[in-house]
Amino acid sequence: MKRVVVTGLGAVTPLGNNVPDTWQAMKEGRSGVGAITLFDATNFKTRFAGEVKDFDITQVLDRKEVRKMDRYSQFAVMVAKEALEQSRLNLQAEDPERIGVVWATGMGGLQTLQDECADYALGDGTPRFSPFYIPKVIPNIGAAHISLLYGLKGPNFAVSAACSSSGSAIAAALDSIRVGRADIMLTGGSEAVITPLGVGGFNALRALSTRNDSPETASRPFSKSRDGFVMGEGAGCLVLEEYEHALRRGATIYAELAGAGINADAYHITAPEPEGKGAMRVMQLALQDAGMTPADIDYINTHGTSTPLGDVAELMAIKQVWGEDAYRLSISSTKSMTGHLIGATGAVEAIASIMAMREGIVPPTINHEADDEDENIDYRLNLTFNKAEHRELRAVMSNNFGFGGHNACLLFKKI
């Protein structure tokens, strides 16, 4: 099969509205979490989140076009623009039939859905809906907007697999190039669920942290005092390119996407398999797909959501795959800084993993104060607490696990 490399990156996150700003904040161990400003959260159990700040989509689109797009689609277009600019692709010189888009979202246009339902419920019963309601809310429209903006006519579809959505989308884009359906794929995901429905729904599941007195320290993976994940929003985009094609045009190659794994726990609608068996198997599948062994990997960007069950299951899975060699690995969770970007988290964390490998800097897991007594959280592992680590990284792994038991794992290596 054809080799696939990464030639462009784009990000909009609670830490910054581009890749350089986001990565700099990660290296410094800064939190992007704060009080919710997108709606009045006074009466909610959780009143904070990782919001994107100072976002201006009119840098890309005029206001007439913006009216047709939910916030999640606006994020998608913005990160695609940055990734394409970074890739230095000359689209006029490329065959548009050979460039595709696979985009991910966990929940699609949630703000639009909420607004339209509220307008109807509070009205006089007359069915008045915006003509843009359906095109704004559907989960495939992020992919559509990117292809429309740039005239990309290759494979184009959406992936929705909860918190593993964009990891799964990147895996699908990888396969599209490997088997020859495209030469270039724009892939990643976007999410904008900091809305009353989003926060209220996850509160009802008791999934979110309620540390309202200290929002910036609320996401604390692998720590004793963790009490749930922190909702975030944003997007990440990778330009994937067939290796020989990238070489011919003299592209900057950020990493090789060496392999991917996708599977399911088939255990529970929200809880992970308690011994991490699904997570263990998806990491093994990714290694097998890449033709690599555990000894080849130096860093794992974990799913690490800061939940009591998920953190334990993932570390158990890592130890099952690596055995005693696990103590050699660098391990961290960048969700401690960004919060959990749901369907966008896989793409943003893939970017963090690539940048870590390029610069030899492992971003930290911030907000660690005290160890958990749970013996399945082995603190002999290098969890990179509170401060970035400098080390040579040959290959890196990025994990994502979602509600419904969806698992995705990506492997990147130097080239």
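Reader: What makes Ile297 and Phe412 count as residues that Val396 touches?

Author: Contact here means heavy atoms within 4.5 Å. In this predicted model, Val396 meets that cut-off with Ile297, Tyr299, Ser353, Met357, Leu410, Leu411 and Phe412, leaving aside residues up to four places away in sequence. So each of those seven names passes the 4.5 Å test.

Reader: And why is Val396 called buried?

Author: The label needs a relative accessible area under 20%. Val396 comes out at 0%, so it is buried. As for where it sits, Val396 belongs to strand β13, residues 395–402. Its C-alpha atom is 6.3 Å from that of Lys413, although the two residues are 17 apart along the chain.

Reader: What makes the largest nonpolar core a core?

Author: The members have to be buried residues of the nonpolar kinds, joined through side-chain atoms within 4.5 Å. Here 47 residues make up the set, and Leu9, Leu238, Leu240 and Phe412 touch the most other members. Helix α13, residues 345–359, is the biggest giver, with 9 residues. There's another core apart from this one, with 33 residues, including Trp103, Ala144, Ile184 and Leu186.

Reader: How do you know that Leu240 has contacts far along the chain?

Author: Residues up to four places away in sequence are not counted, and Leu240 still touches Val4, Val5 and Val6, as well as Ile170, Ala173, Leu174 and Ile177, among others. Asp183, Ile184, Met185, Thr187 and Leu257 are on the list too.

Reader: On to the pockets. What is the volume of the largest pocket, and which residues are closest to its centre?

Author: The volume is about 580 Å³. Of the 33 lining residues, Thr270, Ala271, Pro272, Thr307 and Phe403 are the closest to the centre. Two or more residues each come from α10 (277–290), α11 (308–322) and β13, with α11 giving the largest share, 5 residues.

Reader: How do the residues of that lining divide by class?

Author: The lining of the largest pocket has 13 nonpolar, 15 polar and 5 charged residues.

Reader: What makes Asp54 and Lys81 part of the second largest pocket?

Author: A lining residue needs an atom within 4 Å of a pocket point. Asp54 and Lys81 are both in the lining, so they meet that cut-off. Their companions include Ala11, Asn17, Phe55, Gln59, Met78 and Glu82. This pocket holds about 160 Å³ of space. Helix α3 gives the most to its lining, with 4 residues, and by class the lining has 5 nonpolar, 3 polar and 4 charged residues.

Terms used:
Residues are numbered from 1 along each chain as its sequence is written. This is a predicted model: local features need pLDDT of at least 70, side-chain atom pairs count only at pLDDT 80 or more; totals for chains, interfaces and linings use all residues. Side-chain values use heavy atoms; hydrogens and water are left out. Buried means under 20% relative accessible area, exposed over 50%, partly exposed in between (1.4 Å probe, protein chains only). On a 1 Å grid over the protein atoms alone, a cavity is a set of points where a 1.4 Å probe fits but cannot get out, and a pocket is an open set with protein on both sides within 12 Å along at least five of seven lines; lining residues have an atom within 4 Å of a point. Grid points are joined across faces, edges and corners, and a volume is the space filled by probe spheres set on the points. Ala, Val, Leu, Ile, Met, Phe, Trp, Tyr, Cys and Pro count as nonpolar, Asp, Glu, Lys and Arg as charged, and the others, Gly among them, as polar.
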